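Let us take a friendly walk through a protein model together. Have a look at the picture first, and then read on.

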Amino acid sequence: MALPGAPGSAGAAGSGGGRRVRSGGGGLAGGLPGPGAAGGGGAGAGADRAPQHPSRIHVMAGRVPLGTDRAAVAGEMETTFIENLRYTADLLSQEDMIGLLEPINNRITDPRYYLNTPHQAAAILEKVGRPNLKLQLDLFHCQIMDGNLSRNLETYFPLIGHIQIAQVPGRHEPDSPGELNFPYIFELLESLGYTGYVGCEYAPKGDTLEGLGWLRSYWESRGLQHGGTSKAAK
């Protein structure tokens, strides 16, 4: 049985599904994205100051076939996925690229998606055994499936190659009403030493740049100015 999206199926480092903002710039202090960042994967203003990372791509897991019991095909799907990932990792290594596995919740967003939790992704990464495959942890999906974000971030931090954020349950800006305390989460990521990108995988309520007010507020709370630069450096 071939897993849908067969060997090396890959997409942009985001799970699609409507207009999204993806913020570049290397972590939360890396720079406010420019107008071209809306709905795309481009780096924002200030990306030239960000740490240089290998190119990354989301390697998608496919869906449980229609009319099929998930539990009945779970073993076969895992075997196929692992084979596909090894094949993909070998190709990506030739280009100095990182492949990212993103668990997507099957409670709301995609009921048939195969890869649903960080625990499942971590187990598969261990079985695949390729250093150029990492975990893409979208906190929106993680909260819906498992919660316990602090412990999950700490537990899976060595595997994380990319972080994505959105408020739960509306999947809008981090400062919109919802379940997640993003200032706390951002400080936790900094304390863990995260220096990678933070992808804004949400649907803006209105204008993209106006919706990034939460980032400006965060910078100010950390003594930073526009672009994530220290006030003391001015």
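Arginine 171 counts as buried because its relative accessibility is 9%, where buried means under 20% relative accessible area, exposed over 50% and partly exposed in between (1.4 Å probe, protein chains only). You will find arginine 171 in the loop between strand 5 and helix 5. Its phi is near 60°, a positive value in a residue other than glycine. The loop between strand 5 and helix 5 also holds proline 169, and the peptide bond leading from valine 168 to proline 169 is cis, with omega near 10°.

A word on where this comes from: this is a predicted model, in which local features need pLDDT of at least 70, side-chain atom pairs count only at pLDDT 80 or more, and totals for chains, interfaces and linings use all residues. Residues are numbered from 1 along each chain as its sequence is written, and side-chain values use heavy atoms, with hydrogens and water left out.

**The overall plan**

The chain contains six helices and six strands; helices (H or I, at least four residues) and strands (E, at least two) are DSSP runs, numbered from the N terminus. Their order along the sequence is β-β-α-β-α-β-α-α-β-α-β-α. Of the 234 residues in the chain, 48% are buried. Contact means heavy atoms within 4.5 Å, and among contacts between residues at least 6 apart in sequence, 73% join residues at least 24 apart. The chain has an accessible surface of about 10700 Å², with 52% of it belonging to carbon and sulfur atoms; such areas come from the Shrake-Rupley method with a 1.4 Å probe, and for residues only the protein chains shown count as cover.

**Positive phi values**

Arginine 171 has company. Here are other residues with a positive phi.

| Residue | Phi | Place |
|---|---|---|
| Asparagine 148 | about 50° | loop between helix 3 and helix 4 |
| Glycine 129 | about 70° | just after helix 2 |
| Glycine 193 | about 90° | just after helix 5 |

**Helix 5 and its aromatic rings**

Which residues are buried in helix 5 (residues 182-192)? They are Phe182, Ile185, Phe186, Leu188 and Leu189. These residues lie on the same side of helix 5, because they cover an arc of only 160° around the axis; the arc is that of the directions from the helix axis to the C-beta atoms. The packing partners of the buried residues of helix 5 are helix 3 (139-145), helix 4 (149-156), strand 5 (160-165) and helix 6 (213-221).

A search of the whole structure turns up five aromatic pairs. Rings of Phe, Tyr and Trp (its six-membered ring) pair if their centres lie within 6.5 Å, and planes under 30 degrees apart count as stacked, over 60 as edge-to-face and the rest as tilted. Phenylalanine 186 and tyrosine 218 have ring centres 5.1 Å apart and planes at 75°, so this pair is edge-to-face. Because phenylalanine 186 lies in helix 5 and tyrosine 218 in helix 6, the pair ties together parts that are 32 residues apart in sequence. Both phenylalanine 186 and tyrosine 218 are buried. One aromatic cluster is formed by Phe182, Phe186, Trp214 and Tyr218.

**Helix 2 and the core**

In helix 2 (residues 118-128), the buried residues include Pro118, Gln120, Ala121 and Ile124. The buried residues of helix 2 pack against helix 1 (70-93), strand 3 (98-101), strand 4 (133-138), helix 3 and helix 4.

A nonpolar core is a set of buried Ala, Val, Leu, Ile, Met, Phe, Trp, Tyr and Cys residues joined through side-chain atoms within 4.5 Å. The largest such core has 51 residues, and Leu115, Ile124, Leu153 and Ile165 touch the most other members. Helix 1 supplies the largest share of this core, with seven residues. Setting aside neighbours within four places in sequence, leucine 153 contacts Leu137, Leu139, Ile160, Ile163, Ile185, Leu188, Leu189 and Leu192.

**Cysteines and an exposed isoleucine**

How many disulfides does a search of the whole structure find? The search finds zero, a disulfide being a pair of cysteine sulfur atoms within 2.5 Å. Cysteine 142 counts as buried at 3% relative accessibility, and cysteine 200 counts as buried at 2%.

Is isoleucine 108 buried or exposed? Isoleucine 108 is exposed, because its relative accessible area is 56%. This residue sits in the loop between strand 3 and helix 2. Isoleucine 108 and histidine 141 are 33 residues apart in sequence and 9.1 Å apart in space, C-alpha to C-alpha.
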